[in-house]
Amino acid sequence: MSSNLIDLARPVVKTMQAYQPGKPIEEAQRELGIASFIKLASNENPRGPSESILTAISAALPDINRYPDANGYYLKKLLAEKNGVGAECITLGCGSNDILELVASAYLDRGTTAAYSQYGFLVYALATARSGAAPIVVPAKNYGHDLLAMTAAVTENTRVIYIANPNNPTGTYANEQSLVGLLDGIPRSVIVVLDEAYFEYVSRPDYPDGVSLLARYDNLLVTRTFSKAYGLSGMRVGYSVSHPDIADILNRVRQPFNVASLSLVAAQAALKDERYLEQTVAMNHAGMKQLETGLKR
Ligand SMILES: *Cc1c(COP(=O)(O)O)cnc(C)c1O
């Protein structure tokens, strides 16, 4: 009697597997019977949100009967100022994950390809698969992105390249020279998604600032997030900086209210709390030293 509900799905969807998230702490506690955990799986900020964010969210609570500002006017304005670009270059997302998906739904289709690295962030494969485009998985070099090989892998059907800088889960990064080499080596018809989910943490002198490259490469899109250094994973808010025409296209495919009102408010408060960010980065560097020392020993 009942139709095969799995079979009814689009062919590409049947080949996909659901993202396996890290377990919530409560679930791990229940399953393993261990009371105290330090959760590292999703790279969240362990410090909890800052006081100023909690205050801002509380103040906004009475208005949640209303839809959020669909254009995120105030948050875009702050982000534009911070990044030295016009507000028309900013796209907001339900996490930067949303932006990665928006690029796929806007630019990828059957008959096109998207390139990303072996061991690249898992969402690139999911977004590509869902779009119906064919993936080009470029073999990693020393666990990092091989941008020379990626440049060589581009064909006339390639529409998108996803690069995580630094990468999750391998922690590698591409330096400015290699990134510029890729941008110079590919046609301008390829959208390069530079995923900078962790850029706040990087202090290496040869680490490229994606946003400053936008003036030279209009096919570049830089994604950032409030989920990691700003401690707002649960609020789901991220953004991209790009040429206004790319932002225009992404705006056409997004959900009208893709960022919740409390998330907009939280992100605005987070941007104004520079001390919280500085402390987080300092803590991360200290933790990295501690880990290095311990592992060497
Ligand atoms: C965490 C992460 C993201 C996405 O985070 P959002 O919470 O969706 O903003 C994107 N890219 C990388 C490499 C990540 O590790």
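The dialogue below works through aromatic pairs, the ligand's surroundings and one helix in a predicted model.

Student: What makes the pair of Tyr 73 and Tyr 74 edge-to-face?

Tutor: The ring centres of Tyr 73 and Tyr 74 are 5.1 Å apart, and their planes stand at 85 degrees. Rings pair if their centres lie within 6.5 Å, and planes over 60 degrees apart count as edge-to-face, so this pair earns that name. By this rule the count comes to nine aromatic pairs.

Student: Is Tyr 74 buried or exposed, and how do you know?

Tutor: Tyr 74 has a relative accessible area of 56%, and because exposed means over 50%, Tyr 74 is called exposed.

Student: Why is the pair of Tyr 124 and Tyr 162 called stacked?

Tutor: Here the ring centres lie 4.8 Å apart, with the planes at 0 degrees; since planes under 30 degrees apart count as stacked, the pair of Tyr 124 and Tyr 162 is stacked. This pair also links distant parts of the chain, for Tyr 124 belongs to helix α6 and Tyr 162 to strand β4, 38 residues apart. Both Tyr 124 and Tyr 162 are buried, and together with Phe 121 they form one aromatic cluster.

Student: How do you know that Arg 224 is placed at the ring of Phe 199?

Tutor: The charged end of Arg 224 is 3.6 Å from the centre of that ring and sits over it, where the cut-off asks for CZ of Arg within 6 Å of the ring centre and within 35 degrees of the ring normal. Likewise, Arg 47 lies over the face of Tyr 276, at 4.3 Å from the ring centre.

Student: Which polar side-chain atom lies 2.5 Å from a nitrogen atom of the ligand, and what makes that a polar contact?

Tutor: That atom belongs to Asp 195, and its distance of 2.5 Å can be set against the 3.5 Å allowed for a pair of N or O atoms. Thr 225 has a polar side-chain atom 2.5 Å from an oxygen atom of the ligand, while for Lys 228 the distance to a ligand oxygen atom is 3.1 Å. The protein covers 94% of the 380 Å² of accessible area that the ligand has on its own. Among the residues that surround the ligand are Phe 121, Asn 168 and Arg 236.

Student: How do you know that the span of helix α5 is close to the expected one?

Tutor: Helix α5, with twelve residues, reaches 17 Å from its first C-alpha to its last, and 16 Å is expected at 1.5 Å a residue. Its buried residues include Ser 96, Ile 99 and Val 103.

Notes. Residues are numbered from 1 along each chain as its sequence is written. This is a predicted model: local features need pLDDT of at least 70, side-chain atom pairs count only at pLDDT 80 or more; totals for chains, interfaces and linings use all residues. Side-chain values use heavy atoms; hydrogens and water are left out. Rings of Phe, Tyr and Trp (its six-membered ring) pair if their centres lie within 6.5 Å; planes under 30 degrees apart count as stacked, over 60 as edge-to-face and the rest as tilted. Buried means under 20% relative accessible area, exposed over 50%, partly exposed in between (1.4 Å probe, protein chains only). Helices (H or I, at least four residues) and strands (E, at least two) are DSSP runs, numbered from the N terminus. A residue is near a molecule or strand if one of its heavy atoms lies within 4 Å of it. A polar contact is a pair of N or O atoms within 3.5 Å; within protein, one must be able to donate a hydrogen and the other to accept it, and residues adjacent in sequence count only if both atoms are side-chain atoms. Accessible areas come from the Shrake-Rupley method with a 1.4 Å probe; for residues, only the protein chains shown count as cover. The expected span of a helix is 1.5 Å times one less than its number of residues.
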